Amino acid sequence: MSQDKFRLAGVMGWPVMHSRSPRLHNKWLQIHGLAGAYVPLAIAPDRVEAALRALPALNFSGCNVTIPHKEEVARIADWIDPAAKAIGAANCVAVQTDGSLSAFNHDHIGFIEALREGAPGWRAGQGPAVILGAGGAARAIVYALREAGVSDIRVVNRTLERAETLIEDFGNNVSAHAWEQRADVLTGAALLVNTTSNGMVGQPPLDLSLDALPRGAVVNDIVYTPLETPLLVAARARGNVGVDGLGMLLHQARPAFHEWFGIWPELTPEIRAMMEAD
Ligand code: ATR
């Protein structure tokens, strides 16, 4: 549709200025010699549909979508990929040549790629996975782990009903557990993932005893401010392999860049260092 060589994409959120995605995508545009810009798009919830529908006229290739718009975008798009449909949320929109909007969820890809990179020894068949939290991120991660072949996924949430809704949507291999059970369900686990905001800057640390967690288990905290959360510090101190949250952010961005601009960007050590320093 666009005759212009200037490529445009962005991230829609409310608020959005904290997003680290502009830094990453603008660097990739530069590395690949593409003229363009990736901009923060502060869009209030009641303007999401109007903003999305304006993308083709503005010659945007598409955009990322972040909190609180991920569920809404999955409803609005003209086409939705099977993962986004199952998860019930989209984090990427691509403008097609006919001006229609396709929605994708790349969070599950980001999670599993980051896990495999950070814990190369982890195998889906190794044992149960414990997920703390039952929000949008947890749904993407449950989807990823189920696709990877994990046969026992234990979802623990402060609000039990939310975990129960999640297991209704994801079925057989997923179970819901009360927050009070969070230490006990670690027994025999091969993977622990924190998707709650506990441990984030300005939030209380996660209150969890790791005593029941096998030392061979991988501990993945998707919080990335700070990179080394109290949970990761405690896990590494007792010998568990730890995976930080930056990898998920970096790895979900690659398929988005490819969707918009037709190029698979590299995640070089320089890119990671730049994002760590940011
Ligand atoms: P995201 O899209 O990042 O998953 P979310 O949908 O707001 O964000 O989900 C946040 C998760 O963190 C939820 O599971 C939430 O628990 P509730 O469903 O009970 O709200 C969890 N969470 C937030 N603060 C928490 C706290 N102080 N203790 C335990 N869990 C917490």
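## The β3–β5 pairing and its sheet

In this predicted model, strands β3 (residues 60-65) and β5 (residues 92-95) run antiparallel to each other and are joined by three bridges. Look at Gly 62 and you'll find Ala 94 of β5 sitting opposite. Just ahead of β3, in the loop that follows α2 (48-54), comes Asn 59. This residue isn't a glycine, yet its phi is positive, at about 65 degrees. Most residues other than glycine have a negative phi.

Zoom out and the β3–β5 pair turns out to belong to an open sheet of six strands, ordered β2-β1-β3-β5-β6-β4, with mixed pairing. Which strands stand at the edges? They are β2 (36-42) and β4 (79-80); each has a single partner strand, so one side of each has no neighbour in the sheet.

## Helices across the mixed sheet

Helix α1 (residues 21-31) lies across β1 (7-13), β2 and β3, and its direction is about 165 degrees from that of β2. Between β1 and α1 there's a loop, and Pro 15 is in it. The bond leading into this proline is worth a look: Trp 14 to Pro 15 is a cis peptide, with omega near 5 degrees.

Helix α9 (residues 246-261) also lies across this sheet, over β1, β2, β3, β5 and β6 (101-104). Relative to β3, α9 runs at about 160 degrees.

## The parallel sheet

There's another open sheet of six strands, and here the pairing is parallel, in the order β9-β8-β7-β10-β11-β12. Its edges are β9 (174-178) and β12 (241-243), each of which pairs on one side only. From one strand to the next, the twist averages 20 degrees.

At the β12 end, three bridges tie that strand to β11 (residues 218-221), the two running parallel. Which residue in β12 is the bridge partner of Val 219? That's Gly 242.

## Helices on the parallel sheet

At the β9 end, helix α7 (residues 160-170) packs on the sheet and touches β8 (153-157) as well as β9. The direction of α7 makes about 175 degrees with that of β9.

Helix α8 (residues 230-237) lies across β10 (191-194), β11 and β12, at about 165 degrees to β11. The loop between β11 and α8 holds Pro 226, and here too the bond into the proline is cis: Thr 225 and Pro 226 are joined with omega at about 5 degrees. For context, most peptide bonds are trans.

## Around the ligand

The ligand has 13 residues around it, and those that come nearest are Ala 134, Asn 157, Arg 158, Thr 159 and Arg 162. Where do these fall in the elements described above? Asn 157 is in the β8 range (153-157) and Arg 162 is in α7 (residues 160-170).

Oxygen atoms of the ligand meet both backbone and side-chain atoms of the protein. On the backbone side, an N or O atom of Gly 136 lies 3.2 Å from a ligand oxygen, and one of Ala 137 lies 3.0 Å from a ligand oxygen. On the side-chain side, an N or O atom of Arg 158 is 2.9 Å from an oxygen of the ligand. How much of the ligand does the protein bury? Taken alone the ligand exposes 650 Å², and the protein buries 73% of that.

## The chain as a whole

Add up the secondary structure and you get ten helices and twelve strands. Along its principal axes, the C-alpha trace spans about 60 × 40 × 35 Å.

How does the radius of gyration fit a compact globule? For 278 residues such a globule would come out near 19 Å, and the chain has 19 Å, so the two agree.

Technical notes
Residues are numbered from 1 along each chain as its sequence is written. This is a predicted model: local features need pLDDT of at least 70, side-chain atom pairs count only at pLDDT 80 or more; totals for chains, interfaces and linings use all residues. Side-chain values use heavy atoms; hydrogens and water are left out. Two strands pair if DSSP finds at least two bridges between them. Helices (H or I, at least four residues) and strands (E, at least two) are DSSP runs, numbered from the N terminus. Contact means heavy atoms within 4.5 Å. Axes are lines fitted to C-alpha atoms, for helices over the stretch in contact, and angles run from 0 to 180 degrees between N-to-C directions. A residue is near a molecule or strand if one of its heavy atoms lies within 4 Å of it. A polar contact is a pair of N or O atoms within 3.5 Å; within protein, one must be able to donate a hydrogen and the other to accept it, and residues adjacent in sequence count only if both atoms are side-chain atoms. Accessible areas come from the Shrake-Rupley method with a 1.4 Å probe; for residues, only the protein chains shown count as cover. The radius of gyration is taken over C-alpha atoms; the globule rule is 2.2 Å times the number of residues to the power 0.38.
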